[in-house]
Amino acid sequence: MKQLFTYILLLLLTAGNARAQSPTFHLPKWIEEAVFYQIYPQSYQDTNGDGIGDIQGIIERLDYIQSLGCNTLWLNPCFHSAFMDAGYDVIDFYRVAPRYGNNDDLRRLFDEAHKRQMRVVLDLVAGHSSDQSPWFRYSQQKEQNPYTDRYIWTNDSTICPPKFITGHFERNGSYRKNYFDCQPALNYGYGQPDPACPWEQPIDAPGPTATRTELKHIMDYWMQMGCDGFRVDMAGSLVKNDPDLQGTTALWHELRTHFQSLYPDGILLAEWSNPQKALKVGFMMDFIIHFGRTGYGELVFNETGTYRRDTCYFDLHGVGNPNLYIANLDDCLKVAGNDGHLCIPTGNHDFQRIRCGRRDSEAEVRTALTFFLTQPGVPCIYYGDEIGMRFIDGLPNKEGSLLPKGNRAGSRTPMQWDATPGAGFSTADLDQYYLPIDSACNRPNVAQQANDPDSQLNYVRRLLALRREYPALACRGGITFMQTGTNHYPLVYERQSGNGQRLLICINPSGRTITTQRECRQPIGRLTPILTQGDQQRISYKRGKLHLNTPPLSIGIYQLQ
Ligand code: NOJ
């Protein structure tokens, strides 16, 4: 009897422990209705004539952003920085970069957004700082101080393992970088420290513990000011040598527990491009983008841009293949289940825009935009994509835009509010940083498109309105692709809602008419067009098959009955 009692007690205790190890988290409901708009602050709207966008400019454009149908901003880093990596090299994590305004301006942005039922997510550069940060200056001193272990230092400057940087430091050591050399990695410890390398500290050593505490302070600071959450830069990079992600999981579980206990409505998003991992370690959403085997590049990267490919799916040549994307999406959706979300953005500051190189007509851009904005998950529009801004090739390096593979400057050019080059930006800045754009080329801009019902801008508004109107297009709506074998064009998929609403989406990004068939397991009675572009598609259902005739660059969204 006594033995049985001890056994039951043990069982209860271990069950309690297991619970303590994997905390139960909740997902703020509003993410499901979120429509993101990503703003690269330096290029959005300048209000003081210094040639650089600012927070006041963003405040003045909130109504415009809302008019698109977006309700959540994600701002690229806006903190005091050396701008060797466009703000991802932070000097002071608690201070807005003076070029953008001050902390009170950011507080006003939070307030003004909230007045409009909008939200603001900041970029949290958790993995590194600038080498000009005071933390780093203290850390490189010889004398022991609170920042000695804020970064990862070897104990001898002649020891320089891969990714470590030597230099003229007061202490005898080289430091671990996280991205560029000027971005020393903050020390969150190693998942599997090698005892032969004393700088590889365990995650619960005093240095990493202090770094975690500081990160919580930073998050608390902005959340208490009114921020609604964070997009965590290089979210998987913090704990080093962590193949099974145990250290990373412990870190983000601890941070999320802290975060959710104080800000139950706050959100934590990962830049990982691997929801399979990001959601598991505790993030609420991950972006499916260009790195990893996501298939994103296979969809839209052509021969021009930051990352170049010979073929892609959204191309007039019509020789691409969407299958890698489809397979990865399927996998990600299974993993996400009810515990997290995916976001497949129209673009971002790290790779080329949709309108790029030979993909240069509005009709072509619309095929890709329709695709992105009818995918499951949370939509995200990269500023300027709504008007079809181009990726500008051949620009000089601007604030660290240049990577070994290509230049990111072409996606970071000033928002085109009207027809003048970089409206709201001084010509001095444009001359210095951006090659003059050929004035003969049609430059998409907001002023010209705002009141034209057929403009790209109003097309995007319509797509976002459809997402609100049709539950099948919502974040949690289902998706079934109807691709077959090597028959890759057109792209045909169904979106479904929980209560039986079904929409069929058919996009032919190629330059030729395609007549084909697709298996369709669920019978279709009637197809009612709710949005079409280009020449008319002919689609009919007969005995388990969809018969499709799709003209070049045609788009159709149909309700199925
Ligand atoms: C990812 C950011 O998106 C990119 O712009 C930056 O250069 C690196 N992380 C380093 O912070």
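Between which two strands does the loop that holds Pro490 lie? The answer is given in point 5, after the ligand site and the enclosed spaces.

1. Basis. The model under review is predicted. The points below take up the ligand, the pocket, the smaller enclosed space and two backbone features.

2. The ligand and its shell. Twelve residues are named around the ligand: Asp85, Tyr88, His128, Tyr179, Arg231, Asp233, Met234, Glu271, His349, Asp350, Arg408 and Arg412. By class, this shell comprises seven charged, three nonpolar and two polar residues. Three side chains of the shell may be singled out for their polar atoms. Asp85 has a side-chain N or O atom 2.7 Å from an oxygen atom of the ligand, and for Asp233 the distance from a side-chain N or O atom to a ligand oxygen is likewise given as 2.7 Å. In His128, a polar side-chain atom lies 3.0 Å from an oxygen atom of the ligand. Taken alone, the ligand would expose 300 Å², and the protein buries 98% of that area.

3. The largest pocket. Where does the ligand sit with respect to the pockets of the model? The space that the ligand takes up is the largest pocket. This pocket holds about 1,000 Å³ of space. Its lining consists of 42 residues, and those nearest the centre are Tyr179, His290, Phe291, Gly292 and Tyr307. Helix H8 (275-278), helix H9 (296-300) and helix H10 (323-336) are the elements that each give two or more residues to this lining. By class, the lining divides into 15 nonpolar, 14 polar and 13 charged residues. Tyr179 thus appears both in the shell around the ligand and among the residues nearest the pocket centre.

4. The cavities. Rolling a probe the size of a water molecule over the atoms shows where empty space is left. The structure holds two cavities of 30 Å³ or more. The second largest cavity has a volume of about 60 Å³. Which residues line the second largest cavity? They are Phe93, Val125, Ala126, Trp135, Arg150, Leu186, Tyr188, Thr211, Glu214, Leu215 and Ile218. Helix H6 (residues 206-225) gives the most to this lining, with four residues. Eight of the lining residues are nonpolar, one is polar and two are charged.

5. Backbone features. Most residues other than glycine have a negative phi, and most peptide bonds are trans. Two places in the model may be checked against that background. The peptide bond joining Tyr489 and Pro490 is cis, with omega about -5°. In answer to the opening question, Pro490 lies in the loop between strand S13 (478-481) and strand S14 (491-496). Ala86, a residue other than glycine, has a positive phi near 50°. Ala86 belongs to the loop between strand S3 (79-81) and strand S4 (90-96).

Key. Residues are numbered from 1 along each chain as its sequence is written. This is a predicted model: local features need pLDDT of at least 70, side-chain atom pairs count only at pLDDT 80 or more; totals for chains, interfaces and linings use all residues. Side-chain values use heavy atoms; hydrogens and water are left out. A residue is near a molecule or strand if one of its heavy atoms lies within 4 Å of it. A polar contact is a pair of N or O atoms within 3.5 Å; within protein, one must be able to donate a hydrogen and the other to accept it, and residues adjacent in sequence count only if both atoms are side-chain atoms. Accessible areas come from the Shrake-Rupley method with a 1.4 Å probe; for residues, only the protein chains shown count as cover. On a 1 Å grid over the protein atoms alone, a cavity is a set of points where a 1.4 Å probe fits but cannot get out, and a pocket is an open set with protein on both sides within 12 Å along at least five of seven lines; lining residues have an atom within 4 Å of a point. A molecule sits in a cavity or pocket if more than half of its atoms lie within 2 Å of its grid points. Ala, Val, Leu, Ile, Met, Phe, Trp, Tyr, Cys and Pro count as nonpolar, Asp, Glu, Lys and Arg as charged, and the others, Gly among them, as polar. Grid points are joined across faces, edges and corners, and a volume is the space filled by probe spheres set on the points.
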